[in-house]
Amino acid sequence: MNYKQKLILPMCAAFLLYGCNSADDSNEADNNAEDMTTVGQGTDTEVDPQVKAEVKDVEGKTLGTVNFTAEENSVVIETALEGLEPGYHGFHVHENAACEADAKDGPFTTAGGHFNPTDETHSKHAGDMPPLYVKEDGTAKYTATLDNMTIDQLKKEELAVIVHANPDNFANIPDRYEANGEKGPDADTLKTGDAGDRQACGIVVSAEAK
Ligand SMILES: [Cu+2]
């Protein structure tokens with residue numbers, strides 16, 4: 001073995017070693033990415049969701065599952081839904097565990113108002129979540145990290161997740177808008193964000209429940 005060969009051999013060995021490690025790293029990253037995208041379908045996740053809601057439309061068809069997981073002092077909400085109309089939809093946790101599609105006041109009105117134990121206006125409700133964006137193909141993939149609600153509340157209170165027909169304005173109506181002699185948001189807007197009818201509903205249950 002000449003001098004050059006002696007030098008090259010360990011270099012090759014080192015390259016192979018690091019080559020292997022970096023390949024492992026990228027595989028791991030791929031697996032994690034896969035876990036994130038499949039979480040809504042209830043397949044393996046790194047952290048098991050502690051609370052979930054199976055969301056159904058007015059015909060009783062399952063659109064997907066919303067998973068809630070505690071992470072540090074927050075709740076991570078992950079979902080993959082399908083069969084919705086494209087665009088933004090108001091998306092909230094509501095105060096009653098009741099999803100009646102044929103309720104007399106309209107579909108899923110039995111779920112009541114937003115989960116709001118501290119009697120705040122909309123945008124500060126414990127049940128407020130960022131709106132759900134539905135793509136042209138009717139699917140929505142969504143992750144949000146919130147600290148306005150807790151896993152304990154989601155477990156102990158009897159609640160439901162609602163997908164609304166319209167976008168949510170979070171009661172953000174500037175005072176330059178005036179209707180019926182009232183400037184800015186009226187009482188209904190302050191309560192609901194004008195997200196409109198309820199298109200889908202899911203009762204919040206412990207994730208161990210089948
Ligand atoms: Cu709502």
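**A copper site and its surroundings in a predicted model**

In this structure, which is a predicted model, the copper ion is coordinated by three histidines, namely His92 through ND1, His94 through NE2 and His164 through NE2, at 1.9 to 2.0 Å. Along the chain, these donors follow the spacing H-x1-H-x69-H. His94 belongs to strand S5, whereas His164 belongs to strand S8 (residues 160-164), so the pair ties together parts that are 70 residues apart in sequence. Both of these histidines are enclosed by the protein: His94 is buried, with a relative accessible area of 1%, and His164 is likewise buried, with a value of 4%.

The overall fold provides the setting for this site. The protein contains three helices and eleven strands, and from the N terminus on, its elements run in the order α-β-β-β-β-β-β-β-α-β-β-β-α-β. Of the 210 residues in the protein, 34% are buried. Among the contacts with a separation of 6 or more, 66% are accounted for by residues that are 24 or more positions apart. The accessible surface comes to about 12,800 Å², and 49% of this surface belongs to carbon and sulfur atoms.

The pairing of strands can be followed from S1 onwards. Strand S1 (residues 51-57) runs antiparallel to S2, to which it is joined by six bridges, and within this pairing Glu54 has Thr65 of S2 as its bridge partner. The two strands form a hairpin with four residues between them, and in its turn Gly60 has a positive phi of about 85°. S2 is also joined to strand S3 (residues 74-81), again in the antiparallel sense, by eight bridges; here the bridge partner of Ala70 is Val75 in S3. This second hairpin has two residues between its strands, and Glu72 in the turn has a positive phi of about 50°. S2 therefore pairs with S1 on the one hand and with S3 on the other, and seven of the ten residues of S2 (residues 62-71) are buried, so this strand is largely enclosed by the rest of the structure.

S3 in turn pairs with S7 in the antiparallel sense over seven bridges, and Ala80 stands opposite Lys141 in S7. Strand S7 has two faces that can be told apart by their cover: Ala140, Tyr142, Ala144 and Leu146 make up the covered face, while Lys141, Thr143 and Thr145 make up the uncovered one. Lys141, the residue opposite Ala80, thus belongs to the uncovered face of S7.

The interior of the protein was examined next. In soluble globular proteins, nonpolar side chains tend to be buried together. In the present model, the largest nonpolar core holds 29 residues, of which Phe68, Met129 and Leu154 touch the most other members. S7 contributes the largest share of this core, with four residues. A second, separate core consists of five residues, including Ala111, Ala160, Ile162 and Cys201.

A search of the whole structure for aromatic pairs finds two. One of them is formed by Phe91 and Tyr142, whose rings lie 5.1 Å apart, centre to centre, with 80° between their planes, an arrangement that is edge-to-face. Since Phe91 lies in strand S5 (residues 91-94) and Tyr142 in strand S7 (residues 140-146), the pair ties together parts that are 51 residues apart in sequence. Phe91 is buried, with a relative accessible area of 0%, and Tyr142, at 8% relative accessibility, also counts as buried, because the limit for this class is under 20%. Strand S5 thus holds one partner of this aromatic pair as well as the copper ligand His94.

A further buried position is found at Gly127, which is placed in the loop between S5 and strand S6 (132-134) and has a relative accessible area of 0%. Leaving aside residues up to four places away in sequence, Gly127 touches His92, Val93, Phe115 and Met149. Among these neighbours, His92 is also one of the residues that coordinate the copper ion, and this loop glycine is therefore in contact with a ligand of the metal. Gly127 and Leu159 are 32 residues apart in sequence, while their C-alpha atoms are 9.2 Å apart in space.

Definitions and conventions: Residues are numbered from 1 along each chain as its sequence is written. Side-chain values use heavy atoms; hydrogens and water are left out. Rings of Phe, Tyr and Trp (its six-membered ring) pair if their centres lie within 6.5 Å; planes under 30 degrees apart count as stacked, over 60 as edge-to-face and the rest as tilted. Buried means under 20% relative accessible area, exposed over 50%, partly exposed in between (1.4 Å probe, protein chains only). A nonpolar core is a set of buried Ala, Val, Leu, Ile, Met, Phe, Trp, Tyr and Cys residues joined through side-chain atoms within 4.5 Å. Donors are N, O and S atoms within 2.8 Å of the metal (3.2 Å for Na, K and Ca); water is not among the atoms, so sites may look incomplete. Contact means heavy atoms within 4.5 Å. Accessible areas come from the Shrake-Rupley method with a 1.4 Å probe; for residues, only the protein chains shown count as cover. Two strands pair if DSSP finds at least two bridges between them.
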